[in-house]
Amino acid sequence: PTTAAMLLAAYFQVDVSSLRDEIGEWSWPKRPNGFTSVRTMLDTLNQFGRGIAFSEMEHHPWIPIEAWSILNMKAAVTAGKPIVVLADAPILWNTPKADGMHWIVVTGFIGGIVVANDPSDGSVIAVPTDRFWGAWRLGKKYRNFGQSFEAVIPNRSVDKG
């Protein structure tokens, strides 16, 4: 709920806390064991998107997913479309003792750094691209819950409305 609220608040200039609570109440029954799948994230964003359409980031038919995902993400963010990605938390935060997966909102690139909003504490994080790529790839133990390089992308930029 917090990740979805962070992204939607950027579009609608609303309070993240109240939107998060509304989204949480609506989405909780759709999250088995509390886990938000890409399908649930997509449904949630489309439910609360007020005319903004969200879709899963498509994969190219012959460019390897690893290369295409980064290229597609950079193109979206450069066009003003922040995207929501599912990442392996221990790799993302470089804390091997952590566990689980984590949704974040990618908002930019600075050199070899991926810039994202982290819903766990509302901070802006800067992650080296190679570490981000590893986190987005997901470790083997998480691939039963999600696929590598899953992302949800809006159909328009934040600047347009």
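# Three packed helices: worked exercises

Thr 3, Ala 4, Leu 7, Leu 8 and Phe 12 of helix 1 meet Met 41, Thr 44, Leu 45 and Phe 48 of helix 3. The exercises below begin from this contact, and they concern a predicted model.

**Exercise 1. Describe how helix 1 and helix 3 pack, giving the angle, the distance and the classes of the residues in contact.**

Solution. Two packed helices are described by the angle between their axes and the distance between those axes. As a first step, take both values: the axes of helix 1 and helix 3 come within 10 Å and cross at roughly 30 degrees. Angles under 35 degrees count as roughly parallel, and helix 1 is therefore roughly parallel to helix 3. The next step is the hand of the crossing, which for helix 1 and helix 3 is right-handed. Finally, sorting the contact of helix 1 with helix 3 by class gives seven nonpolar, two polar and no charged residues.

**Exercise 2. Work out how helix 1 is arranged against helix 2, and name the residues that make the contact.**

Solution. Begin with the geometry: helix 1 covers residues 2–12 and helix 2 covers residues 16–27, and their axes come within 8 Å while crossing at roughly 130 degrees. That angle makes helix 1 oblique to helix 2. The crossing of the two is right-handed. On the side of helix 1 the contact is made by Thr 2, Ala 4, Ala 5, Met 6, Leu 8 and Ala 9, and on the side of helix 2 by Val 16, Leu 19, Arg 20 and Ile 23. By class, this contact holds eight nonpolar residues, one polar residue and one charged residue. Between these elements in the sequence, helix 1 is followed by Gln 13, whose phi is positive, near 55 degrees.

**Exercise 3. Complete the set by describing the pair formed by helix 2 and helix 3.**

Solution. Helix 3 comprises residues 38–48, and it packs with helix 2 at an angle of about 125 degrees, the axes being 11 Å apart. The two helices are therefore oblique to each other, and helix 2 passes helix 3 in a right-handed crossing. In this contact Leu 19, Glu 22, Ile 23, Trp 26 and Ser 27 of helix 2 meet Asp 43, Thr 44, Gln 47 and Phe 48 of helix 3. Those residues divide into four nonpolar, three polar and two charged.

**Exercise 4. Decide which residues of helix 1 are buried.**

Solution. A residue is called buried when its relative accessible area is under 20%. Applying this cut-off to helix 1 gives Thr 3, Ala 4, Ala 5, Met 6, Leu 7, Leu 8, Ala 9, Tyr 11 and Phe 12. Helix 1 is thus mostly covered, with nine of its 11 residues buried. For the protein chain as a whole, 46% of the 161 residues count as buried.

**Exercise 5. Place the helices in the whole chain, and compare its radius of gyration with the value for a compact globule.**

Solution. The protein chain contains six helices and six strands, and reading along the sequence gives the pattern α-α-α-β-α-β-α-β-β-β-α-β. Its C-alpha trace spans about 35 × 35 × 30 Å along the principal axes. A compact globule of 161 residues would have a radius of gyration near 15 Å, and because the protein chain has 15 Å, the two agree. As a last step, consider the contacts with a separation of 6 or more: residues 24 or more positions apart account for 55% of these.

Technical notes: Residues numbered from 1 in each chain as written. Predicted model: local features only at pLDDT ≥ 70, side-chain atom pairs only at ≥ 80, totals over all residues. Heavy atoms only, no water. Axes fitted to C-alpha atoms, helices over the stretch in contact; angles between N-to-C directions. Helix = DSSP H or I, 4+ residues; strand = E, 2+ residues; numbered from the N terminus. Parallel < 35°, antiparallel > 145°, perpendicular 65-115°, else oblique. Left-handed = near helix turned anticlockwise from the far one by under 90°. Contact = heavy atoms within 4.5 Å. Nonpolar A, V, L, I, M, F, W, Y, C, P; charged D, E, K, R; others polar. Rg over C-alpha atoms; globule rule 2.2 N^0.38 Å. Buried < 20%, exposed > 50% of the residue type's maximum accessible area, 1.4 Å probe, protein only.
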